[in-house]
Every structure is written in structure tokens, then in C-alpha cells.
Amino acid sequence: NLSDNALNGPIPDTIGQLQELQGLWLGENQLTNLPGSIGDCSKITHLDLKANQLSNIPPEIGKLTGITYLTLHTNQLTNASIPAEFAHLTSLTTLSFHNNQLTKLPDPVSEMVNLTFLDLSWNKPLNSLVGIGQLTNLETLRLNSTELTEVPEETGNLENLKELRLNNNSLTQFPTVITELTGLETLLLTYNPQLSGELPLSLINLASLKEFTFDGTDLCVPD
């Protein structure tokens with residue numbers, strides 16, 4: 001664990017010599033580059049690179065087929081930064097891209113069918129979620145603070161979803177597809193100032209719902 005040590009510059013290629021490494025924490029530094037040699041650390045299951053200055057991910061990351069936890073939040077990643085080989089990380093269950101520069105769901109991520117936690121919050125503007133419906137094992141989906149204007153119909157395929165964060169966005173209509181997510185326990189719609197109208201009666205389908213917030217909107221309970 002080398003988190004929060006004011007490390008700066010590129011991660012050295014020699015990281016690939018740590019072939020027995022199972023967990024690597026490099027968050028909250030000023031690291032600028034992840035070398036391709038990271039692919040030689042094939043036993044890694046937990047990789048924390050949050051709060052650095054990474055702008056690119058090497059294709060060799062696709063060799064980490066046993067990784068289950070990866071956080072890349074608060075970096076400088078764009079959609080072009082995510083290589084096609086990223087799709088090979090099929091063991092991933094937890095993935096965070098919070099606070100980067102994505103404008104859509106990265107295509108390789110839609111193939112990570114074992115994901116249970118996905119955080120895309122604070123990527124502005126997030127214009128497309130095409131492929132999200134393929135992630136049918138998702139339990140937590142965070143899309144807050146992305147300037148999102150609509151929730152795609154394919155979101156209704158996420159039958160295992162328990163937490164959906166849509167707060168601080170630009171929604172204008174209540175996304176009725178949400179009412180198909182019958183296992184949902186937490187739904188946050190707070191601070192969508194353009195969101196108005198009556199809440200749909202079909203919300204009654206969400207019998208497991210424990211937390212539902214919509215303050216900061218013009219939504220109202222039907223008469």
C-alpha cells in the first residue's frame with residue numbers, strides 16, 4: 001500500500017517484476033502513467049489507482065483476468081483512454097470511473113457481465129449509456145452528477161439492481177423504466193430541477209424500496 005505518499009511521474013516498468021502481487025494501492029498520489037508491464041502482475045485481484053493524473057490505460061491491463069476490484073476515480077480518463085482489451089477483465093465485480101472525463105459508457109465495460117458495482121458519477125456530460133442493459137448482475141449503479149437527461153429503456157434489464165443514484169442531473173421526465181426494477185432498495189432523484197409532473201402509480205411495483213428522495217425537483221404525489 002503506497003497510497004497518499006506524494007509519488008509523482010510514471011509508475012516504473014519494474015512493477016511488472018512483482019508477479020506474486022495480489023493487491024496494489026497507489027491512490028492519492030500524482031502518478032501520470034500506468035506501464036504495460038502491469039499486465040505481468042497476473043495475480044492481482046485488487047487495484048486502486050484513484051486520485052492520480054492518469055490519462056491512459058495500457059492494453060496490457062487486459063491480462064489481469066483475475067482482478068475483481070478496480071478503482072480509477074478522479075483521474076483524467078476519456079473514452080479514448082479505455083482500450084478494447086479492457087473487456088477481458090471479466091472477473092471484475094467492482095469498477096469506479098467516478099470523476100473522469102467520460103462522455104458515454106465505455107464499450108468494453110458493457111461486456112463485463114459480472115459487475116455488481118459501477119460508478120460513473122461526475123463524468124460530465126455523460127451522453128450515452130448504450131450497453132448498460134447487458135450488465136444484468138449490477139446491484140449498484142451510480143450516475144449522479146453527470147448531466148444525464150434520460151435513462152435508457154435497456155436499464156429495465158438490470159433485474160438485480162438495488163441502488164440507483166440519479167441525483168444532480170438534468171432529467172426532465174420521470175424515467176418510468178425504473179418501475180421495472182422491482183428489487184430496487186435505494187432511488188435518489190434529488191436535485192433534478194427540470195424534473196416535474198406526477199410520480200407514476202407504477203412506483204407501487206417497487207415493494208423493496210427503502211430510500212427514495214426527490215427533493216429539489218417539481219415532482220409531486222398524484223391525487
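These questions and answers walk through salt bridges, a nonpolar core and aromatic pairs in a predicted model.

Trainee: How many salt bridges does the structure hold?
Mentor: A salt bridge needs a side-chain nitrogen of Lys or Arg within 4 Å of a carboxyl oxygen of Asp or Glu. Count the pairs that pass, and the total is 5.

Trainee: Which residue does the side chain of Glu-20 meet in a salt bridge?
Mentor: Look for a nitrogen partner within 4 Å. One lies 2.7 Å away, N to O. The partner of Glu-20 is Lys-43.

Trainee: How many residues apart in sequence are the parts that this pair ties together?
Mentor: Glu-20 lies in the loop between strand 1 (8-10) and strand 2 (23-25). Lys-43 lies in the loop between strand 3 (30-33) and strand 4 (46-48). The pair therefore ties together parts separated in sequence by 23 residues.

Trainee: Is Glu-20 buried or exposed?
Mentor: Exposed means over 50% relative accessible area. Glu-20 has 56%. Its partner Lys-43, at 41%, counts as partly exposed. Glu-20 itself is exposed.

Trainee: Which residue forms a salt bridge with Asp-107?
Mentor: The cut-off is 4 Å. The closest N and O atoms of this pair are 3.9 Å apart, so the pair counts. Asp-107 is partly exposed at 48%, and its partner is partly exposed at 32%. That partner is Lys-104.

Trainee: What is the distance between the closest N and O atoms of Glu-163 and Arg-142?
Mentor: These two residues form a salt bridge. Their side chains also make a polar contact. The closest N and O atoms are apart by 3.0 Å.

Trainee: Which strands hold Glu-163 and Arg-142?
Mentor: The pair links distant parts of the chain, 21 residues apart. Glu-163 sits within residues 163-165, and Arg-142 within residues 140-142. In that order, they are strand 9 and strand 8.

Trainee: Which residues are joined with Glu-163 into one network?
Mentor: Follow the salt bridges that share partners. They join Glu-163 with two other residues. Those are Arg-142 and Arg-165.

Trainee: Is Glu-163 buried or exposed?
Mentor: Buried means under 20% relative accessible area. Glu-163 has 16%. Its contacts beyond four places in sequence include Leu-141, Leu-184 and Thr-186. By the cut-off, Glu-163 is buried.

Trainee: Which residues touch the most other members of the largest nonpolar core?
Mentor: That core has 59 residues. Two of them touch the most other members. One has contacts with Ile-57, Leu-95 and Met-112, among others. The two are Phe-86 and Leu-118.

Trainee: How many aromatic pairs does a search of the whole structure find?
Mentor: Ring centres must lie within 6.5 Å. The search covers the whole structure, and it finds 2.

Trainee: What arrangement do the rings of Phe-86 and Phe-97 have?
Mentor: Their centres are 6.0 Å apart, and their planes meet at 40°. Stacked needs under 30 degrees, and edge-to-face needs over 60. The angle fits neither, so the pair is tilted.

Trainee: Are Phe-86 and Phe-97 buried or exposed?
Mentor: The pair links distant parts of the chain, 11 residues apart. Phe-86 is in the loop between strand 5 (69-71) and strand 6 (94-96). Phe-97 is in the loop between strand 6 and strand 7 (117-119). Both residues are buried.

Trainee: What is the angle between the ring planes of Phe-212 and Phe-214?
Mentor: Their ring centres lie 5.1 Å apart. Phe-212 is partly exposed at 25%, and Phe-214 is partly exposed at 23%. The pair is tilted, with its planes at 35°.

Conventions. Residues numbered from 1 in each chain as written. Predicted model: local features only at pLDDT ≥ 70, side-chain atom pairs only at ≥ 80, totals over all residues. Heavy atoms only, no water. Helix = DSSP H or I, 4+ residues; strand = E, 2+ residues; numbered from the N terminus. Buried < 20%, exposed > 50% of the residue type's maximum accessible area, 1.4 Å probe, protein only. Polar contact = N/O pair within 3.5 Å; in protein donor to acceptor, adjacent residues only side chain to side chain. Contact = heavy atoms within 4.5 Å. Core = buried A, V, L, I, M, F, W, Y, C linked by side-chain atoms within 4.5 Å.
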